[in-house]
Structure formats: C-alpha cells, structure tokens
Amino acid sequence: FVAVSTNGTNRVMTSSDGITWTARSVPASTWTSVTYGNGVFVAVAGFGTDRIMTSPNGVTWTPRGSSTDGWAGITFGNNTFVAVASMGTNRVMTSTDGITWTNRSVPTGGIQGWSAVTWGNNKFVAISFTGFNDRVMTSPDGVTWTNAQAIHNGNWSSIAYGNNLFVATASNSGSSSDYLMTSSDGITWTPRTAAAAVSWTSVVYGGGKFVAVANSGSNRV
C-alpha cells in the first residue's frame, strides 16, 4: 500500500498489510494522488518544485520535473496514466510510463477544477468541483474528451468504478441534498442518498463494496 500527503514531515508512507506503516523520503510537494500501473507507482502534486514522481516499489522515489498546474488526481487504464488538474493552463495530461507526459485539450468550457479521475467500462471519467452543467467529462483514451452533465453543480470530490458502476461523491452539494451520484456509462447520472450530508472526500471499490469517507460531520464512513 502507498499513501501520499499534501503536507507534514512524512509525505509518503508504505505498508504491506495496511496496519504497520513506514515513512519514505520524497520532495516536499503537496502530493494529492497516487496510482499504480505498468510496474510503477506514479504520484502527482498540486504545488511544489516537483509535481510528478515515480517509484518501482513505493520506497525509492524519483522526481520527474515540475509543472505549472495543480494536479489533483491520477489513474491508470488502457496502458495509460491520466492526471487531471484543478487549476492552471493544462488540465489533463497522459503518459505511458509516468516519466514523459503529454498535455491534452479538454472540451470547450471544460476548464474546470477537475478533482478526480478513474478508469472503468473502457473509458476514463473525470469529475470537477467547479463549472456549470459540465462537471463530468469522459474519454476512451485520455486524449479526446467529451463533456457530460452531473446531476447538479456540487463540489464533486472523488470517483470510483466497480461492479459495472461509477460512483462519485461530493464534499458540498450546493443547493441540493444529494451527495452521491451513480452511472453505468459515465454519461448519464442518477442521484443517490448518502448516509449523511457531510463532506465526502474519497470513495473506493474493493472486496465487493464501495467505501466512502468524509473529513467532517458526525458520520464519516
């Protein structure tokens, strides 16, 4: 297991069982997301001198240059790493090895604060916490992107795919009471009732179930 942090003394830690953790040395950037693919871990950062780094084992990390963009999320699918940014000129970039990256264009009006991206059902799906009626976009290859409409203009924070379903969570639903939405294709979304109206920050699928966590409120899982 590899976890990354946006601040603090130890910004990467690893564990073989999820119980005992070891801190690893990395550049002091605001690391926001990490994924694994093609035999390598790749992490991205929102701020800092180094905003991309790679590791073959989660222990030894190599900085891969800097970027002017605030990278917020990264995923791996279709032999491609895809990272999305919440700010900056370039909001999507792709790589096959985590070292050499190519900036990609987003749809017209798609300069949103992209917060997370995942791969499922033969496509990449990204969500945003800003924008008007276009807080979702999809791509079959990470290169060409198409806007899709979320159920409302909430602050969509995290997305996961499992059991033939995309699930997205919101940290703030705006004027709506829906903090969850689901989709089978990443294009048409259905509102779902969350366990509580709190700031849901992350969702993942594993062991036959989705698990979401929040950073505020009385019910956080």
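Visitor: Which strands form the open sheet that starts at S12, and in what order?

Guide: Strands here are DSSP runs of E, at least two residues long, numbered from the N terminus, and two strands pair if DSSP finds at least two bridges between them. In this predicted model, 4 strands form an open sheet in the order S12-S13-S14-S15, with antiparallel pairing. S12 and strand S15 (146-148) are the edge strands, each pairing on one side only. S12 and strand S13 (residues 123-128) are joined by 6 bridges, and Thr-118 has Val-125 in S13 as its bridge partner.

Visitor: What can I rely on when reading such details?

Guide: Residues are numbered from 1 along each chain as its sequence is written. Local features need pLDDT of at least 70 and side-chain atom pairs pLDDT 80 or more, while totals for chains, interfaces and linings use all residues; side-chain values use heavy atoms, leaving out hydrogens and water.

Visitor: Why is one side of S16 left without a neighbour in its sheet?

Guide: That open sheet has 4 strands in the order S16-S17-S18-S19, paired antiparallel. S16 and strand S19 (190-192) stand at the edges with a single partner strand each, so one side of each has no neighbour in the sheet. Strand S18 (residues 180-183) and S19 share 3 bridges, and Leu-180 stands opposite Arg-192 in S19.

Visitor: Which residue classes line the largest pocket?

Guide: Ala, Val, Leu, Ile, Met, Phe, Trp, Tyr, Cys and Pro count as nonpolar, Asp, Glu, Lys and Arg as charged, and the others, Gly among them, as polar. The lining of the largest pocket has 17 nonpolar, 12 polar and no charged residues.
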